[in-house]
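Reader: I'm new to this one and would like a close look at a single part. Could you walk me through the places where its pieces touch?

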Amino acid sequence: MEPVLSVRHLTKRFAGLTALSDVSFDLGRGEILGLIGPNGAGKTTLVNLISGAFRASEGDLRFEGAPIGALPSHRRAKLGIGRTFQIMRPFPGLSVLDNVAVGALFGTGGGHRQLAIARELAHQKLEFVGLAHRADRPAEALGGPDRKRLELAKALAMNPRLLLLDEVMAGLNLAELEAVFAIVRKVRDEGVSVLVIEHVMKAIRSLSDRLLVLHHGEKIAEGKPQQVLSDPTVIEAYLGRRRAAHEGAGT
Amino acid sequence: MKRPLARAGIVAAFVVLAGIPWIASPSIVQFGINMLLLAALAQGWNIIGGYTGYASFGNSVFYGLGSYGTAIAMLRWHLPFGIGLALGTVIAVIFAALFGRAILRLRGHYFAICTLGLAEVMTAIVSNLEITGRNTGLVLPLLRGDVLFYELSLALVVVATLIVAWIAHSRFGYGLIAIRENEEAAAAMGVDTTRYKVLAFSLSAAISALAGGIHAYWITFIDPVSAFDIGLNVKMIIVTVFGGPGSILGPVLGAFVLSGISEVLSTEISTVAGLFFGAVIVVAVVFMPRGVADLIRRFDKYRWRYFAENVRANRL
């Protein structure tokens, strides 16, 4: 089957610094791909390249077979690529509901033209992420975990076919984590492909179908979670040399 | 629940306003024209500054283009006022669309400074062209009809306000607000930010140009310095911010209240009027930073605490 997202030899340089170097991978329909790596590995850069916030220096990006590397963000959003931001970016001047309604008004295929329909849809998404009781509050009044839910609801309201989640789970407690898991799985079951960046190792291991590991902007491993996480290169890069030695001795 | 009542109130206020020039003294009608044109200009600025979040100092340029377009069409080509007005507006919109594409890439201060430069450049250009009468300006045909100009200005305020009301409840408006609140996030959600900004700028320009054209024919004399006066743009901003940027009625209320205060001050204590006017603005910004519109909306709930809350929220 044709992959939803196909990334080939993607490279991004910022004035001499290579943030991402020759990264290639595929993402299938309804697949959850976990993107991990230490701080500064290039994870968010990769998401920015896919969403169109940055242009790649080299390489090829295809979404459902069509090249998207030259398209601006809004065109990619229209094609069906939705994202969340690691540094959460609610529209503070709008209510929680209207924040989500923006996603429904624009988003995939240009969204819904009618405000009433968009707000109705936004309400459903808020219920889906468990934020309906806060619908009328201003977005800036929300606390940390609720802001994460809001980011998620906004991206979902776009009705995306590819969802890019940039650390939506950081800082959540176990119960909240489980709730977000359930949401992501439900979304995936509807046929949406998900690329998820996460620091919480336990979270990413149980959620992802496959893992991709970045280190210093390069792909160092890709495959089934168990297999990747027991890879010595990954352990060394991710957890440091001492831990790697310890893990080796312990088992 | 409150909606139909508010709507009836607005319609009643409109009827009263429309009736005023038929009974009031000429000086009041003249005051009214200035006030209404300022309200229309503020409403125009509200679209780009209040809704889209781009602090434009270029609206006085569009005002000037509207004035000159109207004047040139009537004087040089002997066209009727209506066509001149349309011509001036079209020129301003084309100008806004072309320059908007380039300068709306700039954000924050950079955009403001760039539009500020635009006004200076226009003054210089117009001062040196034969068709615009160089720096002596142009004298338009005289039409004695303050009532007509009053009603025309009122119509412009109504049209501008209806446009803003539509924006506030449309997909377009949500796109503009998203740009104001966070442009990068707006683009990631599918808002064509460049197109939306240029459209907002052009719409804003059209309203400014219409006000400029009406004012030029009313006052019958324009010159480069008064037509492209930055001071007028500053007034639009003050009035909008005072009334409530990004609200439907705020700019109009702001123009009415501030015009009233300014008029009373300058007749009662003419010499130090500017000082008191400044004090009014400062007090307003401290105690009601979201403007009159927000005060009206929330005073019921908060009562006098409203002012204290604002002072606290802004850590003043």
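Author: Let's start with what a domain is here: the bounds of each domain come from an automatic or database domain assignment. Keep in mind, too, that this is a predicted model.

On that basis, chain A splits into two parts: domain 1 is made of 1–80 plus 161–251, while domain 2 covers 90–160. Take the C-alpha centre of each, and you'll find domain 1 of chain A and domain 2 of chain A sitting 25 Å apart. Where they meet, domain 1 of chain A puts in 14 residues and domain 2 of chain A puts in 17.

Now zoom in on the domain 1 side of that contact. Three elements of chain A each supply two or more residues to it: α2 (73–79), β7 (162–166) and α6 (174–189). Of the residues on this side, α6(A) brings the largest share, with four. As for their chemistry, this side of domain 1 of chain A has nine nonpolar residues, three charged ones and two polar ones.

Chain A also has a neighbour to deal with. Here 24 residues of chain A are in contact with 18 residues of chain B. Looking at it from chain B, the elements giving two or more residues are α7 (171–181) and α8 (183–188). The top contributor on that side is α7(B), which hands over six residues. The chain B side that touches chain A comes out as eight nonpolar, six polar and four charged residues.

Terms used:
Residues are numbered from 1 along each chain as its sequence is written. Chains are lettered from A and ligands numbered from 1 in the order in which they are written. This is a predicted model: local features need pLDDT of at least 70, side-chain atom pairs count only at pLDDT 80 or more; totals for chains, interfaces and linings use all residues. Two residues are in contact if their C-beta atoms, placed from the backbone, lie within 7 Å. Ala, Val, Leu, Ile, Met, Phe, Trp, Tyr, Cys and Pro count as nonpolar, Asp, Glu, Lys and Arg as charged, and the others, Gly among them, as polar.
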